[in-house]
Amino acid sequence: MSSPAYEGANAEQAVAERLRRAGFEVVRTSVQASDIGTDVVAWAASTNGELVPWAAVEIKVSRRPIPPELTLPHLARARDVLGTHDHYAVIGDSWYKADRALRSLEPVDGPSAPPYGTKGLVTDPALVEQALRQQWFQSDRDRVPKIKLYWPHSAVDVGESFAV
């Protein structure tokens, strides 16, 4: 039996990368909002030029077949809480897109490109905070000297995972 393309913790990262290839620039994994967790959310410009949560993706990894319709209640909750427009289920390595009413799913090759682009005004304080934290973390990480520890068979780059 072949294993699914999206496995375990790598599934969210693989789906996020697929959304980026479709044209989304702002993509977050493991999004918590209110009392719901959504596997992957991608932001795009709305018709009025604001950057908004556009696509929500629910991922199910299983060796047994799972009906994609099982994700519909979760996707509906993501729409209600986040205000997303497009909703996808990824089951194994198959993508499904929900209709506007979130009553059914149809197989698709992958996510649709953002219809109004990805450049927009950021009005969500949480998104601004996350972007600033990420920028701070990256600049802090760039200041940390890279230390190489040599073991008999390989080098371990400590600067990648530890602050010195």
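Residues are classed as buried under 20% relative accessible area, as exposed over 50%, and as partly exposed in between. In the predicted model examined here, the salt-bridge count comes to 6.

One of these pairs lies within helix α1, which spans residues 10-21. R20 forms a salt bridge with E17, and the closest N and O atoms are 4.0 Å apart. The two residues are 3 positions apart in the helix, so about one helical turn separates them. Both partners fall in the intermediate accessibility class: R20 is partly exposed, at a relative accessible area of 34%, and E17 is likewise partly exposed, at 37%.

A further salt bridge joins the side chains of R79 and D80, with an N to O distance of 3.5 Å. R79 has a relative accessible area of 29% and is therefore partly exposed, whereas D80, at 53%, counts as exposed.

The pair formed by R100 and D86 has its closest N and O atoms 3.4 Å apart. This contact links distant parts of the chain, since R100 is placed in the loop between β5 (94-98) and β6 (105-108) while D86 belongs to strand β4 (residues 86-91), 14 residues away. The accessibilities of the partners fall in opposite classes: R100 is exposed, with a relative accessible area of 62%, but D86 is buried, at 5%. The interaction is also part of a network of salt bridges in which D86, K97 and R100 are linked.

Notes. Residues are numbered from 1 along each chain as its sequence is written. This is a predicted model: local features need pLDDT of at least 70, side-chain atom pairs count only at pLDDT 80 or more; totals for chains, interfaces and linings use all residues. Side-chain values use heavy atoms; hydrogens and water are left out. Helices (H or I, at least four residues) and strands (E, at least two) are DSSP runs, numbered from the N terminus. Buried means under 20% relative accessible area, exposed over 50%, partly exposed in between (1.4 Å probe, protein chains only).
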